[in-house]
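Some labels need a reason behind them. The exchange below asks for those reasons.

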Amino acid sequence: MLNYAQHCDKKNCNVIFEFDLLLEHNYLVPDLMIACEDKFEGNRYEKVPQIVVEIISPSSASRDYLVKRNKYEQLGIPEYWIVSPEEQ
């Protein structure tokens, strides 16, 4: 996390919650993403973000661990974090 804080400190980065992400005709809505040096126009983001974070719940766990993890990797997203509020 410290590396991202240092990286974002030097750039114009935005933390975006539940914003539409459209990459290569794939429509996803991550719980959180960080995108740097880009202007946001409209209601979706169409570039590769620095990091994507999914906060799992019992109803989304298998999708977040399997489907989204594979899709984000295929799309070239450099970092994908899964956060479980129940685990420490």
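**Helix α2 and its tyrosine**

Q: What makes the values here usable, and how are residues numbered?
A: The model is predicted, so local features need pLDDT of at least 70, side-chain atom pairs count only at pLDDT 80 or more, and totals for chains, interfaces and linings use all residues. Residues are numbered from 1 along each chain as its sequence is written, and side-chain values use heavy atoms, with hydrogens and water left out.

Q: What is the reach of helix α2, and what is expected?
A: Helices are DSSP runs (H or I, at least four residues), numbered from the N terminus. α2 covers residues 61–74, 14 in number. The expected span is 1.5 Å times one less than the number of residues. That gives 20 Å, and α2 reaches 19 Å from first C-alpha to last, close to expectation.

Q: Where is the kink in α2 centred?
A: On lysine 68, with a kink of about 35°. The bend is the angle between axes fitted to the seven residues ending at a residue and the seven starting there.

Q: Which residues of α2 are called buried?
A: Ala61, Asp64, Lys68 and Tyr72. Buried means under 20% relative accessible area (1.4 Å probe, protein chains only).

Q: Why is the pair of tyrosine 72 and tyrosine 80 called tilted?
A: Rings of Phe, Tyr and Trp (its six-membered ring) pair if their centres lie within 6.5 Å; planes under 30 degrees apart are stacked, over 60 edge-to-face, the rest tilted. Here the centres are 5.0 Å apart and the planes at 55°, so the pair is tilted. Both tyrosines are buried.

Conventions. Helix = DSSP H or I, 4+ residues; strand = E, 2+ residues; numbered from the N terminus. Buried < 20%, exposed > 50% of the residue type's maximum accessible area, 1.4 Å probe, protein only.
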